[in-house]
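Visitor: I would like a close look at a single part of this protein, taken slowly, with its surroundings explained as we go. Could you walk me through the sheet?

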Amino acid sequence: MNRTKNIHVSDTAFVTCGFRRLNEALSGDSYAKLWYNSKAEIILKDYLAAVSTEEINTHCIRNRFFLETIKTVVKENKIEVLINFGAGFSMYPFLLSEKLLHIEIDKPELVKHKSKKIQQWVKDYKLPARKINFIGIDFSEKYENQLRQELKEFVGEKKCFILIEGVLFFLNTNEINRLFSLFNTIQSIGDYIGSVSYTHNIKTTDAYTRLIKYATQGVKDASNDGFQTIEHEFYKTLKNYKLINHQDYFSCSEVYNNQPKCEKTNILNEHFYILKKQK
Ligand SMILES: C[S@@+](CC[C@H](N)C(=O)[O-])C[C@H]1O[C@@H](n2cnc3c(N)ncnc32)[C@H](O)[C@@H]1O
């Protein structure tokens with residue numbers, strides 16, 4: 001097969017959103033289709049053939065799980081702000097109540113493109129207006145002080161939900177630890193984190209072997225020592241947080257009426273964690 005080369009980490013955002021478009025009923029994301037683009041479509045098809053055809057539904061289920069979880073906490077008045085780290089082209093602001101404030105953080109070039117497109121689509125009545133602040137940051141750089149300052153300005157004392165979805169795999173251990181210690185310093189008791197990662201035992205699957213081959217050949221700008229897997233223990237022992245919900249592709253498939261099609265070894269099973277700040 002003629003493999004797609006020179007994929008940038010930001011292209012993965014187009015591809016993820018392409019998956020959500022391909023099963024709107026399962027993802028619950030009726031706006032993902034706005035991001036259709038022909039380069040991403042070639043990468044998407046190549047990736048599905050090379051790694052796993054189940055990747056459409058694994059991504060749809062992930063989005064659906066966080067969408068429903070966030071909808072519930074908004075309804076219960078438990079959060080006022082959603083801070084999405086590595087937000088890519090996710091469309092949560094438009095799928096959730098208009099009373100929510102959104103902070104979307106990603107690489108500078110990505111947020112620049114996203115904010116421009118969103119502005120235009122709102123003007124053209126393709127999207128409803130929402131309160132979104134975009135912040136351009138690279139998690140491999142020293143960003144903590146500047147980000148803390150910006151979040152203080154935008155979020156203040158408001159109750160928040162931090163989402164980090166489809167990102168940790170691309171970072172290294174040091175970058176992951178820095179992010180979670182930042183979360184601890186900006187959140188208050190009762191605030192939430194939603195996180196996604198693979199566990200170490202994914203390495204025994206055929207799909208993971210293909211994913212690593214694909215990622216090392218194709219993705220050009222992942223962090224050094226990237227491609228992380230994380231054990232449940234990391235979340236269970238995270239200082240000042242309690243793990244209050246843990247799901248994965250298979251458990252959520254039962255809830256959202258999805259029948260996995262591939263054999264287990266050909267599925268990249270992601271785990272979804274909800275943590276609540278205790279102190
Ligand atoms: C697979 S996409 C997931 C996007 C979105 N969270 C979703 O689920 O649709 C990964 C995202 O992480 C962002 N990302 C990866 N490494 C990053 C870094 N070092 N700094 C900032 N953002 C990063 C990419 O730009 C991309 O938008």
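Guide: Let us begin with one pair of residues and work outwards, keeping in mind that this is a predicted model. In strand S7, the residue that serves as bridge partner to Ser-195 is Tyr-273. That bridge belongs to the pairing of strand S5 (residues 192–197) with S7, which is antiparallel and extends over six bridges. On S7 there is a second pairing to follow, since strand S6 (residues 241–248) also pairs with S7 in the antiparallel sense, here over seven bridges. Within S7, His-271 is the bridge partner of Asp-248. Strand S7 itself covers residues 271–277 and is mostly covered, with five of its seven residues buried.

If we now step back, these strands find their place in an open sheet of seven strands, whose order is S3-S2-S1-S4-S5-S7-S6 and whose pairing is mixed. The edge strands are S3 (131–136) and S6, each of which pairs on one side only. Neighbouring strands of this sheet are turned against each other by 15 degrees on average, when direction is ignored.

Further along the sheet we come to parallel pairings, and it helps to take them one after another. Strand S1 (residues 81–85) runs parallel to strand S4 (residues 160–164), and five bridges join the two; across this pairing, Asn-84 stands opposite Leu-163 in S4. S1 is also joined by five bridges to strand S2 (residues 101–106), again running parallel, and here Ile-83 stands opposite Ile-103 in S2. S2 in turn pairs with S3 in the parallel sense over six bridges, where Glu-104 has Phe-134 of S3 opposite. As a general point for reading any such strand, side chains in a regular strand alternate between the two faces of the sheet.

From the strands we can move to the packing of nonpolar residues. The largest nonpolar core has 66 residues, and the members that touch the most others are Leu-82, Phe-85, Phe-161 and Ile-162. Helix H4 (residues 55–75) supplies the largest share of this core, namely six residues. To see what such packing looks like around one residue, consider Phe-85: leaving aside residues up to four places away in sequence, Phe-85 touches Ile-105, Ile-162, Leu-163, Ile-164, Val-167 and Leu-179. In soluble globular proteins, nonpolar side chains tend to be buried together.

The surroundings of the ligand deserve a look as well. There are 22 residues around the ligand, and those that come nearest are Ala-13, Gly-86, Gly-88, Phe-139 and Gly-166. Helix H1 (residues 9–22) gives the most to this shell, with six residues. Sorted by class, the shell holds nine nonpolar, nine polar and four charged residues.

Finally, two alanines in helices make a useful exercise in judging burial. Ala-50 lies in helix H3 (residues 38–50), and Ala-50 counts as partly exposed because 16 other C-beta atoms lie within 10 Å, whereas a buried residue would need 20 or more. The C-alpha atoms of Ala-50 and Ala-207 are 9.0 Å apart, although 157 residues separate the two along the chain. Ala-215, in helix H9 (residues 206–218), is likewise partly exposed, because Ala-215 has 18 C-beta neighbours inside 10 Å. Between Ala-215 and Asp-106 there are 20 Å from C-alpha to C-alpha, and the two are 109 residues apart in sequence.

Note on methods:
Residues are numbered from 1 along each chain as its sequence is written. This is a predicted model: local features need pLDDT of at least 70, side-chain atom pairs count only at pLDDT 80 or more; totals for chains, interfaces and linings use all residues. A nonpolar core is a set of buried Ala, Val, Leu, Ile, Met, Phe, Trp, Tyr and Cys residues joined through C-beta atoms within 7 Å. A residue is buried if 20 or more other C-beta atoms lie within 10 Å of its own, exposed if 12 or fewer, and partly exposed in between; C-beta atoms are placed from the backbone. Helices (H or I, at least four residues) and strands (E, at least two) are DSSP runs, numbered from the N terminus. Two residues are in contact if their C-beta atoms, placed from the backbone, lie within 7 Å. Two strands pair if DSSP finds at least two bridges between them. A residue is near a molecule or strand if its C-beta atom, placed from the backbone, lies within 6 Å of it. Ala, Val, Leu, Ile, Met, Phe, Trp, Tyr, Cys and Pro count as nonpolar, Asp, Glu, Lys and Arg as charged, and the others, Gly among them, as polar. Axes are lines fitted to C-alpha atoms, for helices over the stretch in contact, and angles run from 0 to 180 degrees between N-to-C directions.
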